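Got the model open in your viewer? Let's take a walk through it, one selection at a time.

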Number of protein chains: 2
Amino acid sequence: MTRDDLHRSAEARLADHEQRYTPNRRAIVETLAARANPVTLPELLRLRPDLTQSSTYRNLTALQDAEVVRRIVGGGEHAHFELDEHLTAHHHHLVCVQCGSILDVTLDPRLERRLDRTFDDVAVQHGFDLDGHSIELFGRCATCRG
Amino acid sequence: MTRDDLHRSAEARLADHEQRYTPNRRAIVETLAARANPVTLPELLRLRPDLTQSSTYRNLTALQDAEVVRRIVGGGEHAHFELDEHLTAHHHHLVCVQCGSILDVTLDPRLERRLDRTFDDVAVQHGFDLDGHSIELFGRCATCRG
DNA sequence: TTGCTTGCAAATGATTTGCACTGCT
DNA sequence: AGCAGTGCAAATCATTTGCAAGCAA
């Protein structure tokens, strides 16, 4: 998906939720797309000093509701944010338990398909209406291992 | 593992970290063992009104450090706590995106073995020293589906 | 008596919100 | 005009911490 497609998709998703694709929101999407990995709010503000903290939190919430952005908790103090899988590819996370950084990883598509089938079965057994799944691998990153 | 074994293991793990197995800590372990699913701190305090908030947070931290308890983030406002897999069986979580409740689930051991191998490979490729993994399935629970 | 634990109250810090203002539409 | 979006400052709330007292080795 090109950068233009990305913005068009983001705009369309926001429109579905009666939200505008403002310059600030575009800046957030642009920045998340430029980074390979999930970023925290402080990182986002450092990359885009023109953005404000409270409005960025608000915009991230709007973008989440529109399924443009996904919030990831568990990697350190701050939540991490990344583009939703609607706009990128399905992937999982390698989380450093020491520094909290998060790396994207993908699995073999055949394995993913098998997992999907298994997870569907599990959900049905428990009466759940399944939305999706996430896999996190925990460890120490190359940098923290020293 | 019997309830006595559980407490002995907990005590041994705490001892390895030069920590005592106090009545409060025993109460926490006892309560987590009695519940099938991960609980939040408010739930824990409701189940055991004799426990204090701050000390319980401190004790949960000590129990975490000793790998007796595991903290799970992402299921609603509060963190959830459960006995560490050292004391129970390897399992994953079915998280209700609406009410935040968490259910334990297990996967077929063959699938788990395949996942372990795959995850090891992925970690090596990224220079990570792998500790473990977690899988969360997101959806709406039977109750919230109405 | 030395030091881990505890309970209370106060602090911390990420995230949220109130409010007035700006700028689309 | 009407209302979504913004920025600032203040509030919220789960979690953490300071401190004085309790208790075990």
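Start by selecting DNA strand D in this predicted model, along with the protein around the strand. You should find 17 residues surrounding DNA strand D. Look for Arg20(A), Arg25(A), Arg58(A), Asn59(A) and Tyr57(B), which are the closest. Which parts of the strand face the protein? Of the atoms of DNA strand D that come within 4 Å of the protein, 68% belong to sugar and phosphate.

Now zoom in on some single contacts of DNA strand D.

- Select Ser54(A): an N or O atom in its side chain is 3.0 Å from a base nitrogen of DNA strand D.
- Hop over to Arg58(B), where a polar side-chain atom lies 3.1 Å from a base oxygen of DNA strand D.
- Then pick His78(B), which has a polar side-chain atom 3.3 Å from a sugar or linking oxygen of DNA strand D.

Next, color the helices. Helix 2 (23-34) and helix 4 of chain A, together with helix 4 of chain B, are the elements that give two or more residues to the surface near DNA strand D. Sorted by class, that surface has two nonpolar, ten polar and five charged residues.

Time to switch to DNA strand C. Here, too, there are 17 residues around the strand, and Tyr57(A), Arg20(B), Arg25(B), Arg58(B) and Asn59(B) come nearest. Sugar and phosphate make up 63% of the atoms of DNA strand C within 4 Å of the protein.

Which residues should you click on for phosphate contacts? Try these three.

- In Tyr57(A), a side-chain N or O atom is 2.3 Å from a phosphate oxygen of DNA strand C.
- In Ala79(A), look at the backbone: a polar atom there is 3.1 Å from a phosphate oxygen of DNA strand C.
- In Thr22(B), a side-chain N or O atom sits 3.0 Å from a phosphate oxygen of DNA strand C.

For the helices, highlight helix 4 (53-65) of chain A plus helix 2 (23-34) and helix 4 (53-65) of chain B, the elements giving two or more residues to the surface near DNA strand C. The residues of that surface split into two nonpolar, ten polar and five charged.

Last stop: hide the DNA and select both protein chains. How does chain B fit on chain A? A turn of 180° and a shift of 0.0 Å along the axis lays chain B on chain A with an RMSD of 0.0 Å. The two copies are therefore related as by a two-fold rotation axis. To find that axis, select Ile135(B): of the residues of chain B, its C-alpha comes closest, at 2.2 Å. Both copies use the same surface, with 100% of the contact residues of chain B recurring in chain A.

Notes. Residues numbered from 1 in each chain as written. Chains lettered and ligands numbered in written order. Predicted model: local features only at pLDDT ≥ 70, side-chain atom pairs only at ≥ 80, totals over all residues. Heavy atoms only, no water. Least-squares fit on C-alpha atoms with pLDDT ≥ 70 in both. Contact = heavy atoms within 4.5 Å. Near = heavy atom within 4 Å. Polar contact = N/O pair within 3.5 Å; in protein donor to acceptor, adjacent residues only side chain to side chain. Helix = DSSP H or I, 4+ residues; strand = E, 2+ residues; numbered from the N terminus. Nonpolar A, V, L, I, M, F, W, Y, C, P; charged D, E, K, R; others polar.
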